[in-house]
Amino acid sequence: MSGSGEPKIRIRGLHKAFGAKSVLRGVDLDIGAGESMVVIGGSGTGKSVTVKCALGIVEPDRGSILIDGVESVGLKGAAREAVNARMGMLFQGGALFDSLSVWENVAFGLVAAGQRTRREAKPVAVETLAQVGLGPEVAELMPAELSGGMQKRVALARAIAARPDIIFFDEPTTGLDPIMADVINDLIVECVRKLGATALSITHDMASARKIADRIAMLHEGRIVWSGAVADIDASGNEFVDQFIHGRASGPIRMAVRG
Amino acid sequence: MNPLAAIGRAFLALLEAIGRLVLFAFAAVTHIVRPPFYPRILLRQMVDIGYYSLPVVALTTLFSGMVLALQSHTGFARFSAEGAVAGVVSLAITRELAPVLAGLMVAGRVGASMAAEIGTMRVTEQIDALSTLSTDPMKFLVAPRILAGFAMLPLLVLVGDVIGIFGGYIVGIYKLDFGAAAYIDQTWRFVETIDVVSGLVKAAVFGFLVTLMGCYHGYRSEGGAQGVGRAATNAVVSSAILILVFNYIITELFFAK
């Protein structure tokens, strides 16, 4: 939490349904400035929808998302673009633009926001790639020529290229081997610390959560059922958290066989 | 199940689909005229739609002109009116065949690939990524494609007009034993400006429709690879139907007495 007591991101009473399926049922969450919050939870509990609501990709049915005290729900056009220009997002599958080269992907946000011309943006992209451990020879490659781990690094570079003060990470280690997952976790911690950014990550990988989180919140059936410091999670006293972090099939969480 | 209720539901679903498409088209058109503009993407789309469709449109109109000359000669010979072949070929090519065939060919070649490309971007979250990078996907993906289709189809049809008439000329001269000068003279005397202009107007409308349907179905695709495949199929089928419907409407507007 920031020193002033005002959270960087304040989510209150967030509701979202898709047809008859109610995904978010009143999410409340505070994330302080410079804090790394990780939201854990099973598949289909609304983690991705929460982040997409914060980014304006999904319009919530009701509820509030305050960013630096300013309401972001319902913003359109230039107002939404101005808010999003301060945010970075690492998508689960990378979501790299496959018709653009690696450096064009990394520089995309800089050029789109008018911060840099294409010519100016290229060295910034190469420098940002270096921050995630990729050499300049990678810059001219196309995303399809990269391994999964390299694609994740490029996606991370794209997320941090514009020096955002809020970064979202959607399942950053999904699909990676344990060693590459740990490399990505280290990069996330390092990049967030260097930028002094506020981070909201969603994952069901507990090793990743323990590594990158200052605080952890657990989302279950569209509500936050527990939140606390990462050091407290093993003694949370919450039966949902206990079942989830130990990966037990028996317990209060019943996994839906069908979506 | 109440059959009336089922009919009502289907009718409401149809109205809803039409409403969604009209709103999408309106949003796309407004994005075409409002900055920021993406000239590099527009140029790439113009090359893809115009230049790379040239061979298929040229071949289609060439052979259509040739077969039209042959068939019309067979028909007109019964009334000793073989002299009308050149005029009929040029009228049919400029008014109908070049715009409709070019529209259908571009629908198959470009509409399907647009739907597949944008659909893949949708299911791999690339469209969401655009939104997070200060870029409106409608402006970046849809507007340049629709503008390129609207601008390039008339150029393709103009080329198709020339090649189609040339196809009829080849058959007329080398197979039906017309004199070259007489054939060309007949063509000039029959074709009026309005014939060519109506074909070009049709082409512009078809270009708009084909790219609109490609973008619309791609943009709304969901459900992974199967959804992308369905989007490509829907784009081609709906484009083809709309081309034929609007072909009649525009013909009626131009030529109905």
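**Figure 1. A loop in chain A, seen at A:Ala95.** In this predicted model, we start in the loop that runs between β6 and α3 (102-112) of chain A, where A:Ala95 sits. What is the phi of A:Ala95? It is positive, at about 55 degrees, even though A:Ala95 is not a glycine. Is A:Ala95 buried or exposed? With a relative accessibility of 2%, A:Ala95 counts as buried, because buried means under 20%.

**Figure 2. Another positive phi in chain A, this time at A:Arg163.** Look for A:Arg163 in the loop between α5 (148-160) and β7 of chain A. Its phi is near 50 degrees, again a positive value in a residue other than glycine. How does A:Arg163 count in terms of accessibility? At 40% relative accessibility, A:Arg163 is partly exposed, since that label covers values between the 20% and 50% cut-offs.

**Figure 3. The six-stranded sheet of chain A.** Follow the strands across and you get the order β6-β7-β8-β3-β9-β10, an open sheet with mixed pairing. Which strands are at the edges? They are β6 (87-90) and β10 (223-229) of chain A, each pairing on one side only. On average, and ignoring direction, neighbouring strands of this sheet are turned by 15 degrees against each other.

Now zoom in on one edge. Strand β6(A) pairs with β7 (residues 166-170) of chain A in the parallel sense, over four bridges. One spot to find: A:Met89 has A:Phe168 in β7(A) as its bridge partner. Here is a handy bit of background: strands of a sheet pair through backbone hydrogen bonds, either parallel or antiparallel.

**Figure 4. The four-stranded sheet of chain A.** This open sheet goes β2-β1-β4-β5, and the pairing here is antiparallel. Why is one side of β2 (21-31) and of β5 (70-71) left without a neighbour in the sheet? Both strands stand at the edges with a single partner strand each, so there is no neighbour on the other side.

Take the β5 edge: strand β4 (residues 62-67) of chain A and β5(A) pair antiparallel over two bridges. Here A:Leu66 stands opposite A:Glu71, which belongs to β5(A).

**Figure 5. The hairpin of β1 and β2 in chain A.** Strand β1 (residues 9-18) of chain A pairs with β2(A) over eight bridges, in the antiparallel sense. Along the way, A:His15 stands opposite A:Arg25 in β2(A). How many residues lie between the strands of this hairpin? There are two, and A:Gly19 in the hairpin takes a positive phi near 65 degrees.

**Figure 6. Chain B, helix after helix.** Time to switch chains: chain B has nine helices and zero strands. Its C-alpha atoms fill a box of roughly 65 × 55 × 35 Å along the principal axes. Of its 257 residues, 44% are buried.

**Figure 7. A cis peptide bond in chain B.** Which two residues does the cis bond join? B:Pro35 and B:Pro36, with omega at about 5 degrees. You'll find B:Pro36 in the loop between α1 (3-33) and α2 (39-51) of chain B.

**Figure 8. The kinked helix α4 of chain B.** Helix α4 (residues 85-123) of chain B bends by about 55 degrees, and the kink is centred on B:Ile93. Helix α4 also holds B:Arg95, which is partly exposed, with a relative accessible area of 26%. After α4(B) comes B:Glu125, which has a positive phi near 65 degrees.

**Figure 9. Helix α9 of chain B and its contacts with α4 and α8.** The axes of α4(B) and α9(B) come within 8 Å and cross at roughly 150 degrees. That makes α4(B) roughly antiparallel to α9(B). Their contact has 16 nonpolar, nine polar and two charged residues.

Next, look at helix α8 (residues 193-219) of chain B, whose axis comes within 9 Å of that of α9 (residues 224-255) and crosses it at roughly 155 degrees. These two helices are therefore roughly antiparallel to each other. What kinds of residues make up the contact of α8(B) with α9(B)? There are 15 nonpolar, nine polar and two charged residues. And the handedness? The crossing of α4(B) and α9(B) is right-handed, and α8(B) passes α9(B) in a right-handed crossing too.

Technical notes:
Residues numbered from 1 in each chain as written. Chains lettered and ligands numbered in written order. Predicted model: local features only at pLDDT ≥ 70, side-chain atom pairs only at ≥ 80, totals over all residues. Heavy atoms only, no water. Axes fitted to C-alpha atoms, helices over the stretch in contact; angles between N-to-C directions. Parallel < 35°, antiparallel > 145°, perpendicular 65-115°, else oblique. Left-handed = near helix turned anticlockwise from the far one by under 90°. Nonpolar A, V, L, I, M, F, W, Y, C, P; charged D, E, K, R; others polar. Bend = angle between axes of the 7 residues up to and from the residue. Pairing = 2+ DSSP bridges. Buried < 20%, exposed > 50% of the residue type's maximum accessible area, 1.4 Å probe, protein only.
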